[in-house]
Each structure stands twice: as structure tokens, then as C-alpha cells.
Amino acid sequence: MDFAQILANGVVLGALYACLAVGFSLVWGVLNVINMLHGSFIILGGYLTYFAWQMFGIHPLIMLPIVAAFLFVVGYALQAIFINKVVTAPVLVTLTLTFGLDMILYNLMTVYFSATPRQVTLGLGSIQLFGVYLPVVRLLGMALALLLTGLLYVTLRGSRIGRAIVAVRMDRSAAALMGIRVNRIYAITFGIGALMAGAAGALFAMVFPITTNLSGVFLGKAFVVCVIGGLGSVPGALVGGLALGIIESFSGVLLGPQHALTVGFLVMLLLLIVRPTGLVGVKGYE
Amino acid sequence: MPELLRIAGLTAGYGDVQVLWGIDLDVREGEIVAIVGSNGAGKTTLLRTISGLVGARAGSILFEGREISKAGPDEVLAAGIAHVPEGRRLFKGLSVKDNLLLGAYLRRDKAEIQNDLDYVFDLFPRLKERHSQDATTMSGGEQQMCAIARGIMSRPRLLMIDELSLGLAPALIERLSEGLKAINGNGLTILLVEQDVMTAFELASRAFVVETGRIAKAGETVVLADDPAIRQAYLGV
Ligand SMILES: Nc1ncnc2c1ncn2[C@@H]1O[C@H](COP(=O)(O)OP(=O)(O)O)[C@@H](O)[C@H]1O
Ligand SMILES: [Mg+2]
């Protein structure tokens, strides 16, 4: 395979990784919660999209906003009911809590959806550009992943709620003095994290077969993307996602697909040693 | 002048530590009132209790006749009390303008918010010049201007400022004092916490002296300034 093709595959994958990781990164950055549920949120989004398409013939692009809204509600409720109770506790406590919640969600999904790999097949064909072969559905997935990530960025930078999220992240008690209800912003932030996961899941289901077994893999990827790009920022997730996609694409071809994941983790470890703030670094916002 | 704030028998603290031991204090509309006292006396805790960041244990806080001692910070702000915290506490990574807009977080009147932005930019032109700069990269004096302006952006009836002059050069304190007088001249009541008693007495018409969580003295600043005990303890003469 030639260089341009491998790069293009990497960029498509990377855009999906950015979208997959950005919600995880936001929740970690703002709430200081490592959300172990994130991988299962992605699977849930993917399965809902798949079953809506398979059982009722609903187009994934119509399901995308529905799944996103549903996951927002799920995330908001989980935060408001459970996680806000312990959100100021040390990170290990919230990690344990989300880990427990994840076991429940994961097992429920395995029971009701089974672990069979599922993929929406839209059959949109493919196009060839400068000798690079690109399935249309992947281009679509990439474009939507970038669009959603961009929308999140614009929301955080330019909206009232986005300012409140950043304010809470920077200084909780000063934010309270602005009249911001901190617990509500936590719930909204967690909801947005779940929303982005659900949307990423819907996009993944259009491009790759997904199964509940991938929940841990997706969580791991979100983690790697955050560390490579820099924690808690949208540009960090974007850079980290693209970097991981390209790294995996090249190492998959050069060393074999079974090593792609390992190389990603190795790069993460290397970065942790030489540049712990990630490629973009933590500028302290978004 | 009608009474705006009346605090009676207020006690508060942190965990096992009681800090306020029965505070009585009143602020009338249109006044600048100072709270002075040495480090650790409980001035910041008093403001934090008024604004709902710290829970009141006993006593009452009446604002425009309404009991607010049980209210949360958002309700206190909505009632009309803005709190400019000690150390400015501007939001890092956000521009001056975004910081100011956060001051107006509870408001929905877009056009009026824009008017108030113009008003604070008039008051502190430095902020206008730097409106797109990260607020925490400005000098201490500019940050204090921004913090005060952010407080004003909620359109409060009472503005509480904790440590106006701390760490600032005399020329800047002068500039900020002028700003406060102008704001007060436009009708905003101010409750000022200040370690520098000279500055406080210059600005305020009345003052309360806090010592270990109690009001040790209160009165007109012109009278307090001649009090031998106060002159010795706080004015160094
Ligand atoms: N968050 C806190 N937890 C425990 N004690 C505190 C806290 N904040 C302040 N204190 C204590 O309360 C007392 C009053 O502090 P403070 O209100 O900050 O005084 P001031 O503003 O007059 O310097 C001090 O003894 C201080 O150590
Ligand atoms: Mg203080």
C-alpha cells in the first residue's frame, strides 16, 4: 500500500478517535473524573444506531442526533444521581464508582444485545482521489466526527454554558460566585461527554463492526488520545486522535495489525516521559 | 437612607473551627461601608457567609428585608449581592470579556448586558484595550479592575469587595478608589473589606472593626480615625 493511502486511512480513523476521546477528555478535565463508562457509552450509541437501522430501517444519520440526545440524558442523570455525591472525593473514588456503573451497563448490554459484532452497511460505494481509495461511508464518518468535535469546541468557546463549564473547571468557588450552579454544570458536562461518546459510537457503527467486547478497547483509546494530545482540551483530543489514527495506520501496515494497538500505547508511554502535558499541552481551557 | 443589609448575631466557621462569633452589621443604601481588621480576624469568612459559600450557623442576614442566611450563592447573587473575592480569582484561559460576561451569567437581557459592558469599559478603559487578552495575564491592578467590573456585571444592589488594595502600588490603589467612588456615585452601595485602614477610611463613611470574629468597634470613619486605640492598632500612629 502506498504512503498516501495509509495516511488517508489514518486520518479517517484519527478523526473518529478524536470524536471518541473528546468527551472523555472534557469530563476528565472539568470534573477530574476518569470516566470508566466512556467505552460502554460508545458501544451503546453504536448498538442503538445499529438496531434502529436493522429493525426499523431508520437511517443512521437520523439516529445520530437521537442517540446523542439520549446519551446526554443518560449521562446527565448518572452524574446528578450518583457521581455528584462523590465528585469532590479523590480521583480513585470516582474511578471506582464509574467502574462499577460500567460493569452494570456492560453486562446489561451483553445480555440484551449479545456480543455479536454488528455493523450498519449503507453501501455508498467509494471514490478515488489522487490514487487514494476512499469508501464514501468512511469519508462521511470522518466529516461528521470532525464536525461534532468542532461544534463542541465552538460551544465551549462561545456560549454561555461553555463559559460556565470552563469557569467551573478553573475555579469552582469563584464560579459559584458568578451564580453558576456547579453541580448542574458537572451534570451537563458529564452529559456532553456521554453525548459525544454516543455520537462517536453511531459513527463507528457505520464504518466498523462493533461489539460489547470493544468497550475496553475504546476506553483505552480515549485514554491514549488524551495523553498524546493533552488532557482536557478539544484541540488536544483532535491532535491526539489524528496522531493515534496515523500511528496505528502506519504501524498496522509496517508491523501487522496485531501490533498497531501496542505501538499506540508505546507512543503514549514515551510521551508521558518526555512531554507529560501532551502534544498540545494544557493551556487551561476547553 | 433605607437599610439594605442587616446582619444580626451571625456565627459561622469551618468544620470544628468557629470563626465568626456573633456579628452585627448594617449597610444603608448608597453607602460605602468598610470592614477592617487584622489578618485572620474573619473578614473573608464574613463575606463568604453573606454570599452563601459558607453556611451560617446562627443569626440572620436580612437583605432588603429578606432572610438570605440559608440561600445558596446563586440565590444571593440573584437577590442582588455580588462578591469580588480576595485575590481577584479571575478565570484563567478566558479573555477579559468572557470573564466579564461570566459576571452577567444569571442575566438574560442581552442588550442591557452590552450596555453594562460599555459602562465598565468606560470606567476602566484599560479593560477595553485588553478585552481579548487572557485576564490572568494582566497586571495585578488591571486584574482587580476586571474583578470589580465582573462584579458589577451582575447589576447588583450591593457590591462586596474583599481586599481591594492588597499587593497593589499606591498609584493603582488611587485609581481603583476613584473608580469605586464613581461607581458609588452612580448609586451602587459598597461593602469593602480592607486591611489597609487608611485606604478604607478614606473611601468609606462608616466602618466596622473585626477582631477574632467579633465586631470590636463600629462608627463613622471620621470618628474612628481619631480613636486612640484604633490609631495605635491600625494606623501606626
Ligand atoms: N477554608 C478554611 N478552613 C478552615 N479554616 C479557615 C478557612 N478559611 C479561613 N480559615 C480560618 O478562619 C480564620 C479567619 O480567616 P479569614 O476569614 O480568611 O480572615 P481574614 O479575611 O480577616 O484575614 C483564620 O483563623 C483562618 O485560618
Ligand atoms: Mg481575608
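Modeller: Contact here means heavy atoms within 4.5 Å. Keep in mind that this is a predicted model.

Colleague: Fine. How many residues does each chain put into the contact?

Modeller: Chain A gives 22 residues and chain B gives 21. The area buried between the two chains is about 2000 Å². Carbon and sulfur atoms give 62% of that area.

Colleague: Which three residues supply the most on the chain A side?

Modeller: A:Arg160, A:Leu177 and A:Met178. Together they supply 38% of the area that chain A buries against chain B.

Colleague: And how many salt bridges and polar contacts go across?

Modeller: Two salt bridges cross the interface of chain A and chain B. Three residue pairs are in polar contact there, both residues at pLDDT 80 or more.

Colleague: Which elements of chain A give two or more residues to that side?

Modeller: Helix H6 (160-170) and helix H7 (172-177) of chain A. H6(A) gives the most, with seven residues.

Colleague: Back to the salt bridges. What does B:Arg89 pair with?

Modeller: A:Asp171, at 2.6 Å from N to O. B:Arg89 sits in the loop between E6 and H3 of chain B. A:Asp171 sits in the loop between H6 and H7 of chain A.

Colleague: Is A:Asp171 buried or exposed?

Modeller: Buried, because its relative accessibility is 14% and the cut-off for buried is under 20%. B:Arg89 counts as partly exposed, at 29%.

Colleague: What about B:Asp98? Which residue is its partner?

Modeller: A:Arg163. The closest N and O atoms of that salt bridge are 3.8 Å apart.

Colleague: New topic. What holds the magnesium ion, ligand 2?

Modeller: The protein donors are B:Thr44, through OG1, and B:Glu86, through OE. They lie 2.0 to 2.4 Å from the ion.

Colleague: Where do those two sit in chain B?

Modeller: B:Thr44 is in helix H1 (residues 43-50). B:Glu86 is in the loop between strand E6 (81-84) and helix H3 (96-103). The two are 42 residues apart, so the pair links distant parts of the chain.

Colleague: How accessible are they?

Modeller: Both are partly exposed. B:Thr44 has a relative accessible area of 24%, and B:Glu86 has 31%.

Colleague: How many salt bridges are there over all chains?

Modeller: The count comes to 18. One of the pairs is B:Glu29 with B:Arg157, at 3.8 Å from N to O.

Colleague: Why does that one tie parts of chain B together?

Modeller: Because B:Glu29 lies in the loop between strand E2 (17-28) and strand E3 (32-36), while B:Arg157 lies in the loop between helix H6 (140-152) and strand E7 (158-162). Those parts are 128 residues apart in sequence. Both residues are partly exposed, B:Glu29 at 29% and B:Arg157 at 32%.

Colleague: What does B:Asp26 bridge to?

Modeller: B:Arg28, with the closest N and O atoms 3.7 Å apart. B:Asp26 counts as buried at 13%. B:Arg28 counts as partly exposed at 28%.

Colleague: Which residues form a network of salt bridges?

Modeller: B:Arg107, B:Asp109, B:Glu112, B:Asp116 and B:Arg155 are linked in one.

Colleague: Last one. What does the UniProt entry annotate on chain A?

Modeller: The unreviewed entry marks "transmembrane region" over several stretches, including residues 6-30 and 259-278. In the model, residues 6-30 are 100% helix, and the end C-alpha atoms are 35 Å apart. Residues 259-278 are 75% helix and 0% strand, with the end C-alpha atoms 22 Å apart.

Terms used. Residues numbered from 1 in each chain as written. Chains lettered and ligands numbered in written order. Predicted model: local features only at pLDDT ≥ 70, side-chain atom pairs only at ≥ 80, totals over all residues. Heavy atoms only, no water. Donors = N, O, S within 2.8 Å, 3.2 Å for Na, K, Ca; no water. Helix = DSSP H or I, 4+ residues; strand = E, 2+ residues; numbered from the N terminus. Buried < 20%, exposed > 50% of the residue type's maximum accessible area, 1.4 Å probe, protein only. UniProt positions renumbered as here; feature names shortened; annotations may be inferred. Buried area = accessible area lost by both parts, 1.4 Å probe. Salt bridge = Lys/Arg side-chain N within 4 Å of Asp/Glu carboxyl O. Polar contact = N/O pair within 3.5 Å; in protein donor to acceptor, adjacent residues only side chain to side chain.
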